[in-house]
Amino acid sequence: MTALLMLLFALYAVGGWIAVLVTFGYLLGALARTRPVDLMRHEGPRAVRLLFPTPAYLRLDRIATLCLVLFDLWVVSVILLLGQDGVFTEDWMGNARMMDTTAASYQDDAVHGLLTVMGWTCGFALLFRWWTAAVAQLCVLSAAAWWVGSFETWWSG
């Protein structure tokens, strides 16, 4: 079972960028098909129009959420794939012997990288008022950073 999990992460690291690009293309296509008049509410106070988007805008929010979550999974898969061979010593990752003696800061750099990606993608989502996408970025990437930070390495445990 654990070998299957690592195989899935490895396969997604290799080919997951295609899923991200296809979903991003779908997002751009949906944005091009949506009329600008359908994206903004025209009734109610300004705060209501800003905070409660139209159904067309919510559809774009869902597509953006899917695109960003697929991107998050790809980033985590790449981190796991690069760290499985000589950095992380988890039993389920395969090769548990030290191969790269210069990778002592890999885990810390990976966690900081995930948190940086979280900040940028969440800020991007908030800029476009994609509330669901912003919350998904906060949840998925902070959990992924905690998970990667919890792994045993040759230097941490």
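Does C67 count as buried or exposed, and at what relative accessibility? These close-up views come from a predicted model.

**View 1. C67 and V22, a pair from separate parts of the sequence.** C67 counts as buried, because its relative accessibility is 8% and the cut-off for buried is under 20%. V22 sits in helix α1. V22 is exposed, since its relative accessible area is 57% and exposed means over 50%. Along the sequence, 45 residues separate V22 from C67. In space, their C-alpha atoms are 8.6 Å apart.

**View 2. The largest pocket and its lining.** This pocket holds about 310 Å³ of space. Its lining is made of 16 residues. Look for F24, L27, A64, F124 and W130, which lie nearest the centre of the pocket. Three helices each supply at least two lining residues: α1 (2–33), α3 (55–83) and α4 (106–127). Helix α3 gives the most, with six residues. Now sort the lining by class. There are 15 nonpolar residues and one polar residue. Charged residues are absent from the lining.

**View 3. The largest nonpolar core.** This core has 16 residues. Which of them touch the most other members? They are V76, I79, L80, L114 and V148. Helices α3, α4 and α5 (131–149) each supply at least two residues of this core. The largest share comes from α4, with five residues.

**View 4. A second nonpolar core.** This core is separate from the one in the previous view. It has 12 residues. Among them are L27, A30, L68 and A134. L27 has appeared before, as one of the residues nearest the centre of the largest pocket.

**View 5. C139 and its closest cysteine sulfur.** A disulfide is a covalent bond between the sulfur atoms of two cysteines. Why does C139 not form one with C122? The closest cysteine sulfur to that of C139 is in C122, and it is 9.6 Å away, so it is too far for a bond. The cut-off for a disulfide is within 2.5 Å. By this rule, the model has zero disulfides. C139 counts as partly exposed, because its relative accessibility is 48% and partly exposed lies between the cut-offs of 20% and 50%.

Key: Residues numbered from 1 in each chain as written. Predicted model: local features only at pLDDT ≥ 70, side-chain atom pairs only at ≥ 80, totals over all residues. Heavy atoms only, no water. 1 Å grid on protein atoms, 1.4 Å probe; cavity = no way out; pocket = protein on both sides within 12 Å on 5 of 7 lines; lining within 4 Å. Points joined across faces, edges and corners; volume = space filled by probe spheres on them. Helix = DSSP H or I, 4+ residues; strand = E, 2+ residues; numbered from the N terminus. Nonpolar A, V, L, I, M, F, W, Y, C, P; charged D, E, K, R; others polar. Buried < 20%, exposed > 50% of the residue type's maximum accessible area, 1.4 Å probe, protein only. Core = buried A, V, L, I, M, F, W, Y, C linked by side-chain atoms within 4.5 Å.
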